[in-house]
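Got your viewer open and a selection box ready? Let's walk through this one stop by stop.

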Amino acid sequence: MKLWAGRFSKEVSKTTNDFNSSIRTDSRMYKEDIEGSIAHAAMLGMNGIITPEDADKIINGLKEIEKELTDGSLVIPPDSEDIHTFVEGELTSRIGDAGKRLHTARSRNDQVALDVRLYLRNECKTVREMLTKLIGVLADMGKKYSDAVMSGYTHLQRAQPVTFGHYMLAYAEMFLRDKERLDSAVLRLNRSPLGCGALAGTTYPIDRNKTAELLNMDDVCHNSLDGVSDRDFCIELSSVMSIIMVHLSRFSEEIILWCSHEFKYIELDDAFSTGSSIMPQKKNPDIAELVRGKSGRVFGDNMALLTVMKGIPLAYNKDMQEDKDAVFDSIDSVKACLTAFIPMIETMTVKRENLRAAAASGFINATDCADFLVSKGMPFRDAYKVTGGLVAYCIANSKTFETLTMDEYKNASGLFDDGVYEAVNLENCVTGRTSLGGPSPENVRKEAERVKKINV
C-alpha cells in the first residue's frame with residue numbers, strides 16, 4: 001500500500017511504480033531512516049502528541065527492524081517504493097495502529113532530507129579518516145626522504161632542486177585542505193530539517209530542537225520551505241569530493257610518469273600493479289590510471305547535481321530524487337580510490353640514486369650559479385645571462401656545472417672562483433633553501449612533524 005494511496009481510485013501502472021521507485025538507491029539509508037524515526041517518535045511521546053506507550057512500541061519495533069535488516073534476516077523487497085515506506089509498513093505490520101502514528105507531524109519530504117543528511121554525515125567521517133591515513137603516510141615519507149634530492153619542475157621541465165620529501169608534503173598540504181573543506185561542509189550539513197513537514201511545518205506542538213539534540217545535530221533548518229528543498233549540502237559535498245579527486249588525479253599522473261622507464265624515480269609494489277596479456281615485460285600502474293580516470297566520473301556527479309537543482313522552484317520536486325545517486329556515487333568513488341591509493345603509495349619503492357642522477361643532468365642549479373655571481377657584485381640580470389651562456393656551453397660539450405673546469409668558468413666571468421663548486425652542489429643548493437616553506441632537509445623534517453601534529 002502506497003502512503004499516498006487514499007487520493008487515487010486505482011493502482012499505478014508497473015511502469016510508473018518502477019520509474020518512481022528509489023529503493024535501489026535509498027535502501028542504503030535504512031539505519032539513518034530508523035535513527036530519525038526513533039528520534040521523531042521519542043519527541044512525539046515527550047510532547048504528548050502520541051502516548052508514551054505508543055512511542056515505546058514504535059521505538060522498540062524500529063530497533064528490532066534495524067537489527068534484522070543488519071543481520072540479513074529481514075530483506076527489503078526490490079519492488080518497494082522507497083526505504084521510508086518499507087520501514088513504516090513493516091513496523092505497522094508488527095505493532096498495529098501504533099505504527100500508523102509514527103508519521104504524525106512528519107512528511108516524507110522532511111524525512112528524506114533528514115535521512116540524506118544523517119547518511120552523508122556518517123560517510124564524511126569515513127572519508128575524513130581515510131584522508132587522515134593518507135596524510136600520515138605522506139608525512140612519514142616526507143621525513144624519510146627529507147634529504148633525497150630531486151628535480152622540481154615547471155612546465156614539466158626540470159627547474160630547481162627540491163627533495164622527494166618536500167614533494168610528498170606538497171600533496172599532504174592539498175589533502176589537509178580537503179579535510180578542512182570537508183569539516184566546513186559538515187557544519188552546514190549537520191542541521192535538522194525534521195519538523196519542516198511537506199513545506200509549511202505543522203500545527204502539532206512539536207519540539208524541533210529536541211529531535212535535533214537526539215540526533216546530535218548542531219541546529220535546525222530555520223525556514224520550512226528551505227528545509228525540505230535545500231540540497232546545497234549535497235552539491236557542496238560533491239564539490240569537496242571533486243577537489244579531492246583533482247588532487248588524487250594530479251598525484252596519480254606523477255606516479256604514472258615516475259614509474260615509467262623514462263623516469264624510473266619509483267617502482268610500484270607488485271601487489272599494486274598489473275601486467276599485460278601479451279607483453280611479459282609490462283608492469284602497469286593501473287590503480288593510478290583508474291584513479292585518474294574516475295576523477296571525471298566524480299566531476300560529472302557534481303555537474304549532475306548542479307543541473308538538477310538549478311531550475312527547481314520551491315519547495316520539493318521529484319527531480320530531487322536524483323540527488324542521492326549523484327552524491328552517493330561521488331563519495332563511493334572517492335572511498336574506492338583512497339582504499340587502493342593509500343597502500344599503493346605506502347608500499348612503493350623510491351629510487352634515490354635515479355632522482356639524484358636526473359637532478360644532476362638538468363641544470364637545476366642554474367639559479368644558484370647566478371646567485372653566486374650576484375654575491376660577487378654582479379647585477380642579477382647580468383648574472384642570469386652569463387649563467388644561460390654556461391648552460392648552452394655545457395649542453396654543447398656534454399658537461400654539467402659540477403664538471404666544468406675553473407678555466408671554463410673564468411672564460412664566462414672573472415668573478416668565478418672555487419667557491420662556485422660549493423654553490424652549485426645540489427645538496428648544498430637544497431640545504432641553503434631555508435626560507436619558510438622551502439625544501440631544505442631541516443625545513444622538511446620540521447614540516448613533516450607539523451603535518452603529523454595537525455593531522456587529527
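Below is a short tour of a predicted model, with something to select at each stop.

**Salt bridges, starting at helix α4**

Side chains of opposite charge can pair when their charged atoms come close. This structure holds 34 salt bridges, so we'll pick just a few by the N to O cut-off of 4 Å.

Select Arg 101 and Asp 54 and you'll find their side chains meeting in a salt bridge at 3.2 Å, N to O. Arg 101 sits in the loop between α6 (97-100) and α7 (108-144), while Asp 54 belongs to helix α4 (residues 52-71), so the pair ties together parts 47 residues apart in sequence. Asp 54 is buried, at 11% relative accessible area, whereas Arg 101 is partly exposed at 37%.

Stay on α4 and add Glu 68 and Arg 94: another salt bridge, this one 2.6 Å, N to O. Since Glu 68 is in helix α4 and Arg 94 in helix α5 (residues 83-95), the pair ties together parts that are 26 residues apart in sequence. Glu 68 counts as buried at 17% relative accessibility; Arg 94, at 32%, counts as partly exposed.

**Over to helix α7**

Now pick Asp 230 and Arg 117, whose side chains meet in a salt bridge at 2.8 Å, N to O. Asp 230 lies in the loop between α10 and α11 and Arg 117 in helix α7, so this pair ties together parts 113 residues apart in sequence. Are these two buried or exposed? Both Asp 230 and Arg 117 are buried.

For a network, select Glu 267, Asp 270, Lys 283 and Lys 351, which salt bridges link to one another.

**Inside: the cavity**

Which residues line the largest cavity? Show Tyr 153, Leu 156, Tyr 167, Glu 254, Leu 257, Trp 258 and Phe 263. The space in there is about 30 Å³. Helix α11 (residues 232-258) gives the most to the lining, with 3 residues. By class, the lining has 6 nonpolar, no polar and 1 charged residues.

**Back to the surface**

Color Leu 199, Leu 225 and Leu 314: together they form a nonpolar surface patch with about 270 Å² of accessible area. Leu 225 is in helix α10 (residues 224-229) and is partly exposed, at 31% relative accessible area.

Last stop: Pro 205, in the loop between β3 (191-192) and α9 (208-214). Pro 205 is exposed, with a relative accessible area of 54%. Add Gly 48 and draw a C-alpha to C-alpha distance: 8.8 Å in space, for residues 157 apart in sequence.

Key: Residues numbered from 1 in each chain as written. Predicted model: local features only at pLDDT ≥ 70, side-chain atom pairs only at ≥ 80, totals over all residues. Heavy atoms only, no water. Patch = residues over 30% accessible without salt bridge, like charges linked within 9 Å, V, L, I, M, F, W, Y side chains within 5 Å. Areas by Shrake-Rupley, 256 points an atom, 1.4 Å probe, with all protein chains shown as cover. Helix = DSSP H or I, 4+ residues; strand = E, 2+ residues; numbered from the N terminus. Buried < 20%, exposed > 50% of the residue type's maximum accessible area, 1.4 Å probe, protein only. 1 Å grid on protein atoms, 1.4 Å probe; cavity = no way out; pocket = protein on both sides within 12 Å on 5 of 7 lines; lining within 4 Å. Points joined across faces, edges and corners; volume = space filled by probe spheres on them. Nonpolar A, V, L, I, M, F, W, Y, C, P; charged D, E, K, R; others polar.
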